[in-house]
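Here are my notes on the model you sent over. Have it open beside you and go through the points in order.

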Amino acid sequence: MNLAELVDPTHAQGDVKLFRVKDELRAALAPARRDGATIGLVPTMGCLHEGHLSLLRAARAESDVVVMSLFVNPAQFGPGEDLDRYPRDEERDLRLAAEAGVDIVYAPPVEAVYPDGFATHVEVDGELTGVLDGDPSRRGSGHFRGVTTVVTKLFNTVQPDVAYFGQKDAQQVAVIRRMVRDLDIPVRVEVLPTVREADGLAMSSRNAYLDPRARGQAGALSRALRAAEETARAEDLDAGLRAARAELDAADVEPEYLEARDAENLTEVAELGDRPTLIAVAAHVGGARLIDNVVIRP
Ligand code: AMP
């Protein structure tokens, strides 16, 4: 495959190339890289929705070659989490990826990513991975170790110029940015806004778990965050968190956490200051664990 084939706009509507073998993917990308083409990577766990598509479209607009990875990463699921029932539909994902102009889908089998004897991990220490979802009573820092390990492997395999992530997973973004900085990984990290349903619910593959009653309740998360931002700006952060809590209570949603933190280093903040403040929420609604957040910029 040569560069012309890879970046030919005529195959933007349907001619996506699927790779399952790392070495074949690398070989396919080598000519493009040699010719100076820019490579954009969008890591996903599939079951694509508009949130994923927004990342793919941004990558398409900014890169010569767009690679989407499709891998439900067991290492980022804890015991008792939803690895087994995580929704999967590769055929549909390939179609949507093709429509979004993706050139290459990389969908390796689990054994290829974690072969026998796999023993190396990439871990961001400290508060970044120890709070919010990383709190030991919640998903724990092991979740982020799974994320940073697989993202490093994807970076090494694809060697993208730019990698695209969603603000929906705010803590993941903070952790990946820190990893890229600390390990001098030569990639630019682009973060795109959270894409939402009409009622504000952040799009997520896990929304598929919501039955009609839970789907109704789930809208409370984004309402709570909107209330938090408005009230925090009008009064103060404490009042903002109370307003958010009231929205959740009204929908009978008990948050796992509802916290205000520095958006970059995730240290706790008591007041809006001169740095962006993250308000993050997680809650079990029906059979789904949902997360959402808003960043209040000064
Ligand atoms: P996932 O397949 O859930 O691992 O998500 C793959 C990428 O899509 C991650 O960078 C997510 O942050 C991003 N993403 C997921 N949901 C949304 C959304 N509603 N809006 C924007 N990006 C999203």
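1. Let's start with one contact: R57 and E50 form a salt bridge, with their closest N and O atoms 3.2 Å apart. By salt bridge I mean a side-chain nitrogen of Lys or Arg within 4 Å of a carboxyl oxygen of Asp or Glu. Both partners are partly exposed: R57 has a relative accessible area of 43%, and E50 has 34%. For the burial words, buried means under 20% relative accessible area, exposed means over 50%, and partly exposed is in between (1.4 Å probe, protein chains only).

2. Before going on, a word on what you're looking at. This is a predicted model, where local features need pLDDT of at least 70 and side-chain atom pairs count only at pLDDT 80 or more, while totals for chains, interfaces and linings use all residues. Residues are numbered from 1 along each chain as its sequence is written, and side-chain values use heavy atoms, with hydrogens and water left out.

3. Now the overall build. The protein has 10 helices and 9 strands; these are DSSP runs numbered from the N terminus, with helices (H or I) of at least four residues and strands (E) of at least two. The C-alpha trace spans about 60 × 40 × 40 Å along its principal axes. For 298 residues, a compact globule would have a radius of gyration near 19 Å, and the 20 Å of this protein agrees with that. That radius is taken over C-alpha atoms, and the globule rule is 2.2 Å times the number of residues to the power 0.38. Of the 298 residues, 55% are buried.

4. Back to the charges. How many salt bridges does a search of the whole structure find? The count is 21. I'd have a look at the pair D103 and R60, whose side chains meet at 2.9 Å, N to O. D103 lies in the loop between helix 4 and strand 4 (104-106) and R60 in helix 3 (residues 50-62), so this pair ties together parts that are 43 residues apart in sequence. Is D103 buried or exposed? D103 counts as buried because its relative accessibility is 2%, whereas R60, at 24%, counts as partly exposed.

5. Another one to click on is E90 with R20, where the closest N and O atoms of the salt bridge are 2.6 Å apart. This pair links distant parts of the chain, 70 residues apart: E90 is in helix 4 (residues 90-99), and R20 is in the loop between strand 1 (17-19) and helix 2 (22-34). Both ends are partly exposed, E90 at 30% relative accessibility and R20 at 38%.

6. Some charges are joined up further. E127, R138, E259 and R261 are linked in a network of salt bridges.

7. Then there's a negative surface patch, formed by E235, D236, D238 and E271. Patches are made of residues with over 30% relative accessible area and no salt bridge, with like charges joined within 9 Å. Within this patch, D236 lies in the loop between helix 9 (212-234) and helix 10 (237-250). D236 counts as partly exposed because its relative accessibility is 39%.

8. Two backbone angles deserve a look. Most residues other than glycine have a negative phi. Q159, though, has a positive phi, near 50 degrees, and L266 has one near 65 degrees. Where does Q159 lie? Q159 is in the loop between helix 7 (141-158) and strand 5 (162-166), and is partly exposed, with a relative accessible area of 42%. L266 is in the loop between strand 7 (255-262) and strand 8 (277-285); at 0% relative accessibility, L266 counts as buried.

9. Last, two buried residues with distances you can check on screen. A280 lies in strand 8 and is buried, with a relative accessible area of 6%. The C-alpha atoms of A280 and L221 are separated by 9.7 Å, with the two positions 59 residues apart along the chain counted as their separation. M203 sits in the loop between strand 6 (188-192) and helix 9, and is buried at 13% relative accessible area. M203 and R92 are 111 residues apart along the chain, and their C-alpha atoms are separated by 17 Å.

Terms used
Patches are made of residues with over 30% relative accessible area and no salt bridge: like charges are joined within 9 Å, nonpolar side chains (Val, Leu, Ile, Met, Phe, Trp, Tyr) within 5 Å. Accessible areas come from the Shrake-Rupley method with a 1.4 Å probe; for residues, only the protein chains shown count as cover. Lys and Arg count as positive and Asp and Glu as negative; His and the chain ends are not counted. The place of a charge is taken as NZ of Lys, CZ of Arg, CG of Asp or CD of Glu.
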